[in-house]
Amino acid sequence: MATIYSDISRTFSEYLLLPNLTTKDCMPENVDLATPITKFAKGEKPSIQLNIPIVSAIMQAVSNDTLAIALAKCGGLSFIYGSQSIEDQAEMVRRVKKHKSGFVVSDSNVSVHHTLRDVLAIKEKTGHSTIAVTDDGTATGKLLGIVTGRDYRLTRDPLDKKVADFMTPFKDLIVGYVGITLSEANDIIWEHKLNSLPIIDKDQRLQYLVFRKDYDDHKQNPAQLMDSKKRLVVGAGINTRDYNERVPALLDAEVDILCVDSSDGFTEFQRETIQTIKKKYPDVKIGGGNVVDREGFMYLVESGADFVKVGIGGGSICITREQKGIGRGQASAVIEVAKARDEYYEKTGIYIPLCSDGGIVHDYHVTLALAMGADFVMMGRYFARFDESPTKKVKRGNSYVKEYWGEGSNRARNWQRYDLGGNANMKFEEGVDSYVPYAGKLKDNLDVTLNKIRATMSSCGAKSIRQLQETARIVLVSSTSLIEGGAHDVILKDSEY
């Protein structure tokens, strides 16, 4: 006979947090949102830690390089979607890693024999306005000069004009030498009012460029998530089919962390994927999922997963439950898996971070997920609304919306995510094609969400996610109390008043 669970499958909207004592030092500005994303042993630190407990979903309509850059600047992380060619995904990862760095290896270079036409072509391709001039046109050639937008006038200079005739020559450049610290380089930049500072070796060969904008950017985004080389951190999604070819390309692009993108992670396909990658690349960090119970969690942990993703069918564009009758209410899933995780930690001393994926409708649901045991949440619809997502902004009626589709939709045709063996095609849809209201810039919206999370945690008397998980008090709510919790029995004024 089938196993029948008596517990009701519950969602985040069925719970509320009870306030705890808020001490004088438990102010929102004192709340620390740092959280682990990779497993670690008791007494040690995780190899990768998020500065905010939020990552973006592995979706075509969400996580490309532009959104990954914007989210990493705010302290979170994106997993670049894998339902594209290996080359395109690796290139997106590469663009994120090159976007921000203290010492940048120049990837926009010409020789003195190139022309203005060549300079404009490089600028069009890379978006870089500062181009190094070296003797051989490479990133490590002897530095002969620099070209910026101030060195030419498109209205007067012919396109075949040689770089040697309009570049700023080496004798007029201010440079730094290998061994200089980032702080010292920035001091030179500010002292001489430079936009960039070339770093060369004793033979005048170019090694790096340091940019003023990177300094300004860091000051404006103090929580940005960076690796040991001061580059933005980025992840990538992979599938259980072509990982032998995809993973090497992503590692060559210097991806920081991987995640197997699957609607159902409790499969031998996923175990084989994780174990094969771990055997070949022992230092690679890789998450597994998705699961909704203790059995699925333990299966992935024993397979070697560095974190486990929880949730099936809770996404706004996901219809897996409707189509297959598979899944579980997100709150119930997080609560059970978190309990299994804590028991595993108590038994082994190894902590496995949990990612709650799906079911987030309101900002306070993020805090609920954390209180229930998740270490971070993954969101799709939330990020699809912003300027930085890869989809089109269109006007419908009197308002703007952005396109948003599921990986299980016919539009995405990401059959690998729903792979259960057999032929390589989709038999039916598990996602829909839709619109979401356009919301503007990521940072503006995310700042509001993070302020709400910090305020809620402050009301719960918690200054860290770990403290929230240990001391939070959570209560079930009735449908009537949900109505009571919103504006009611009043006539709302029009928004313009």
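This report describes the sheet, the core, the aromatic contacts, the cysteines and some backbone features of the structure above.

The structure is a predicted model, in which local features need pLDDT of at least 70 and side-chain atom pairs count only at pLDDT 80 or more, while totals for chains, interfaces and linings use all residues. Residues are numbered from 1 along each chain as its sequence is written, and side-chain values use heavy atoms, with hydrogens and water left out.

## Sheet

Helices (H or I, at least four residues) and strands (E, at least two) are DSSP runs numbered from the N terminus, and two strands pair if DSSP finds at least two bridges between them. Strands of a sheet pair through backbone hydrogen bonds, either parallel or antiparallel. An open sheet is built from four strands in the order β7-β8-β9-β10, with mixed pairing. Its edge strands, each paired on one side only, are β7 (109–110) and β10 (168–169). Strand β9 (residues 143–147) runs antiparallel to β10 and is joined to it by two bridges; Ile-146 has Thr-168 of β10 as its bridge partner.

Asn-109 belongs to the edge strand β7. This residue counts as buried, at 14% relative accessibility, where buried means under 20% relative accessible area, exposed over 50%, and partly exposed in between (1.4 Å probe, protein chains only). The side chain of Asn-109 makes a polar contact with that of Ser-106 at 2.7 Å; such a contact is a pair of N or O atoms within 3.5 Å, where within protein one must be able to donate a hydrogen and the other to accept it, and residues adjacent in sequence count only if both atoms are side-chain atoms.

## Nonpolar cores and a covered helix

In soluble globular proteins, nonpolar side chains tend to be buried together. A nonpolar core is here a set of buried Ala, Val, Leu, Ile, Met, Phe, Trp, Tyr and Cys residues joined through side-chain atoms within 4.5 Å. The largest such core has 99 residues, of which Phe-79, Phe-297 and Phe-383 touch the most other members. Helix α10 (residues 330–348) gives the largest share of this core, seven residues. A second, separate core of twelve residues includes Leu-116, Val-133, Tyr-152 and Val-163.

Helix α11 (residues 363–371) is mostly covered, with eight of its nine residues buried; among them are Asp-363, His-365 and Thr-367. The helix is followed by Gly-373, whose phi is positive, near 125 degrees.

## Aromatic contacts

Rings of Phe, Tyr and Trp (its six-membered ring) pair if their centres lie within 6.5 Å, and planes under 30 degrees apart count as stacked, over 60 as edge-to-face and the rest as tilted. The count by this rule is nine aromatic pairs. Tyr-382 and Phe-386 form an edge-to-face pair, because their ring planes stand at 90 degrees, with the centres 5.3 Å apart. Phe-386 also pairs edge-to-face with Phe-383, with centres 6.1 Å apart and planes at 85 degrees. Phe-383 and Phe-386 are both buried, and Tyr-382 counts as buried at 6% relative accessibility. Elsewhere, one aromatic cluster is formed by Phe-40, Tyr-345 and Tyr-351.

A charge sits over a ring if NZ of Lys or CZ of Arg is within 6 Å of the ring centre and within 35 degrees of the ring normal. Arg-212 lies in this way over the face of Trp-190, at 4.4 Å from the ring centre, and the charged end of Lys-393 sits over the ring of Tyr-400, 5.0 Å from its centre.

## Cysteines

With a disulfide taken as a pair of cysteine sulfur atoms within 2.5 Å, a search of the whole structure finds zero disulfides. Cys-355 is in none, and the nearest cysteine sulfur, that of Cys-259, is 7.2 Å away; Cys-355 counts as buried at 0% relative accessibility. The sulfur of Cys-460 lies 8.9 Å from the closest cysteine sulfur, in Cys-26, which is too far for a bond. Cys-460 also counts as buried, at 3% relative accessibility.

## Backbone features

Two residues other than glycine with positive phi are listed below.

| Residue | Phi | Location | Relative accessible area |
|---|---|---|---|
| Lys-193 | near 55 degrees | loop between α4 (182–191) and β12 (196–200) | 72%, exposed |
| Glu-254 | near 70 degrees | loop between α6 (243–252) and β15 (257–260) | 35%, partly exposed |

A cis peptide bond, with omega about 10 degrees, joins Gly-289 and Asn-290, and Asn-290 lies in strand β16 (residues 286–291).
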